[in-house]
Amino acid sequence: ACIVVVNVKNMFKQFSELKPLWRISKIDFLIWLVTFVAVFLLGLDLGLGVGMAFCLLTVLFRSQRPATTLLGQVPNCDIYRDIHNYRAAQEIPGIKIFRFDMSLFFSNCDHFKTSLYGRTGVDPSLLMARRKKAEGERKKL
């Protein structure tokens, strides 16, 4: 019983760290909150199990749909930032810089392709169809 009381006391001390955690990472905040509520309602063993399962689910979902951005150059330097978050960042004419915030593997390749086509406005299959059509018209001439 003393071990449980000491652990719960330390857990209540972590309440002061919740506000900075919310600002830094909302997902980590939710993991902490789910684990805390589960430990409080279900007990230590089951609560930690629920917290671990929830954490693994968040990792799984984040790896399947990572953040994507278009980058632009900050004037007068070699720094590139997200053009939607930084007003000073400007796209380089004729060049699109696409950032994918995760390793590319089988479960997120479709998301990569659709976000790349959507953000850049370029669809290679349409470009190839136009090229073949133009080549066919040249051969007719």
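**View 1. An open antiparallel sheet of three strands in the order E2-E1-E3.** In this predicted model, the strands E2, E1 and E3 pair in an antiparallel manner, and the edges are formed by strand E2 (80-82) and strand E3 (97-100), each of which pairs on one side only. From one strand to the next, the twist averages 40°. Strands of a sheet in general pair through backbone hydrogen bonds, in either a parallel or an antiparallel sense.

**View 2. The pairings of strand E1 with E2 and with E3.** Strand E1, which spans residues 68-73, is joined to E2 by three bridges, the two running antiparallel, and within this pairing Gly72 has Arg81 of E2 as its bridge partner. Four bridges join E1 to E3, again with the strands running antiparallel, and here Leu71 stands opposite Ile97 of E3.

**View 3. Alternating side chains along strand E3.** Phe98 and Phe100 point to one face and are buried, whereas Ile97 and Arg99 point to the other face and are not buried. Such a pattern can be read against the general rule that, in a regular strand, side chains alternate between the two faces of the sheet.

**View 4. Helix H3 and the residue that follows.** Helix H3 covers residues 26-42, and its 17 residues reach 24 Å from the first C-alpha to the last, which is close to the 24 Å expected at 1.5 Å a residue. Buried within H3 are Phe29, Ile31, Trp32, Thr35, Phe36, Ala38 and Val39. Just after H3, Gly43 adopts a positive phi of about 105°.

Definitions and conventions
Residues are numbered from 1 along each chain as its sequence is written. This is a predicted model: local features need pLDDT of at least 70, side-chain atom pairs count only at pLDDT 80 or more; totals for chains, interfaces and linings use all residues. Side-chain values use heavy atoms; hydrogens and water are left out. Two strands pair if DSSP finds at least two bridges between them. Axes are lines fitted to C-alpha atoms, for helices over the stretch in contact, and angles run from 0 to 180 degrees between N-to-C directions. The expected span of a helix is 1.5 Å times one less than its number of residues. Buried means under 20% relative accessible area, exposed over 50%, partly exposed in between (1.4 Å probe, protein chains only).
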